[in-house]
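Subject: Structure handover

Dear colleague,

Please find the structure below, with its sequence. My notes on what was found in it follow.

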Amino acid sequence: MSEISSSHIKKIGIVGAGQMGIGIAYVSAVVAKRNVVIMDTQQKQLDGGLKFIDGLLKKEVSKGRLSEAEIPDIKGRLQVTTTTDSFSDVDFVVEAATENPELKAKIFEGLDKAVPAGVVLASNTSSISITKIASSTNRPEKVIGMHFMNPVPVMKLVEIIPGIATSPDTLAVTRHLASDMGKTVTTSNDYPGFIANRILMPYINEAVYVLMEGVGTKEDIDTTMKLGTNVPMGPLTLADFIGLDTCLAIMRVLHSQLGDAKYRPCPLLINYVNAGWLGKKTGRGFYEYP
Ligand code: CAA
């Protein structure tokens, strides 16, 4: 058994104040009780993120799961910034920026300079190779995948992905920290889609084929899978919730990197994305969200 723990991690830097970054900030400050600095280049995103956290905290108080007295401490643990300058004293970083390989490479290059040597740099990527991300730093042994599920405060899983050069110590620290955040951990090799999306995305893609081929209506497809396999949402509702652009991007990674025709993205999924019908976030996907 490893002697490594996460107790030295007092402050966590988070890159990206989107849905995932804010969720990770929430579990870091509220569950793991760490200081958190959230970085996003857009102040508007940071303001929106803090507002969202405020709402969640109010709900927790109203449900009696947090006391009013704990709120100032939690808020005091959260800091926001538009540059990585204030990452000079962080003990762990989770990157949760847009899923774009060039952007991630640029961010990790910058983090490698801004963050003290020896600090782990984790990426919440859902499909980009960790080994590739790590290669844009001078500390590939400290780079790891930490794939949270959406919505982060609710979902119990973190999938951890060591790259080819990731050290066993980095893996151990990351596992401990995820567990401090209240999450159950699984480990996946650095392989296209890792475990979760390798299985989930072909399932969603197949549901879109079933719709396109007229086997059933969207409601029949979703109800069949929701009640028939005891999942909280049917596949088309789930695709709307994740974002059809994200689903398509992951299918493209599986198709191009695994080379098997069984991963070809459904033409109807491509059409929806081309139309800008990306799901809940744009008000329309397979369903409409007024
Ligand atoms: N942030 C924080 N909490 C949230 C939330 C959010 N974005 N959305 C919902 N919740 C909370 C609600 O506040 C509520 O909390 P309480 O129990 O305290 O009231 C709880 O979740 C349940 O919410 P609702 O009653 O509104 O609705 P629900 O019962 O339908 O649950 C859900 C919502 C948790 C999203 C549920 O539908 C669900 O589990 N859906 C499947 C989610 C899933 O599969 N996620 C994985 C996506 S794949 C992925 O993330 C990987 C990838 O790389 C693409």
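I start with the ligand. In this predicted model, an N or O atom in the side chain of H147 is 2.7 Å from an oxygen atom of the ligand. Two further side chains belong with this one. R65 has a polar side-chain atom 2.4 Å from a ligand oxygen, and for N197 the distance between a side-chain N or O atom and an oxygen atom of the ligand is 2.9 Å. On its own the ligand has 1000 Å² of accessible area, of which the protein covers 65%. Two or more residues of the shell come from each of the elements α2 (43-62), α7 (196-212) and α9 (235-242).

The shell around the ligand holds 21 residues, and the closest are K59, K63, R65, H147 and N150. By class, 14 residues of the shell are nonpolar, four are polar and three are charged.

Next, the domains. The domain assignment splits the protein into domain 1, residues 11-187, and domain 2, residues 197-282. Their C-alpha centres are 27 Å apart. Where the two domains meet, five residues of domain 1 are in contact with four residues of domain 2. Each domain also gives at least three residues to the shell around the ligand.

Two points of backbone geometry should be on your list. The peptide bond from N150 to P151 is cis, with omega near 0°. N150 is also among the closest residues to the ligand, and P151 is in the loop that runs between β6 (143-148) and β7 (157-162). The second point is K33, which is not a glycine but has a positive phi of about 55°. K33 sits in the loop between α1 (19-31) and β2 (35-39). For context, most residues other than glycine have a negative phi, and most peptide bonds are trans.

Finally, the record. The unreviewed UniProt entry lists residues 12-32 as "transmembrane region". In the model, this span is 62% helix and 19% strand, and its end C-alpha atoms lie 10 Å apart. The UniProt annotation "domain: 3-hydroxyacyl-CoA dehydrogenase C-terminal", also from an unreviewed entry, covers residues 193-289. That span is 63% helix and 0% strand, with its end C-alpha atoms 28 Å apart.

If you open the model at one place, I suggest the ligand, where the side chains of R65, H147 and N197 each place a polar atom by a ligand oxygen.

Regards

Note on methods: Residues are numbered from 1 along each chain as its sequence is written. This is a predicted model: local features need pLDDT of at least 70, side-chain atom pairs count only at pLDDT 80 or more; totals for chains, interfaces and linings use all residues. Side-chain values use heavy atoms; hydrogens and water are left out. UniProt positions are given in the numbering used here, feature names are shortened, and annotations may be inferred rather than shown by experiment. Helices (H or I, at least four residues) and strands (E, at least two) are DSSP runs, numbered from the N terminus. A residue is near a molecule or strand if one of its heavy atoms lies within 4 Å of it. A polar contact is a pair of N or O atoms within 3.5 Å; within protein, one must be able to donate a hydrogen and the other to accept it, and residues adjacent in sequence count only if both atoms are side-chain atoms. Accessible areas come from the Shrake-Rupley method with a 1.4 Å probe; for residues, only the protein chains shown count as cover. Ala, Val, Leu, Ile, Met, Phe, Trp, Tyr, Cys and Pro count as nonpolar, Asp, Glu, Lys and Arg as charged, and the others, Gly among them, as polar. Domain bounds come from an automatic or database domain assignment. Contact means heavy atoms within 4.5 Å.
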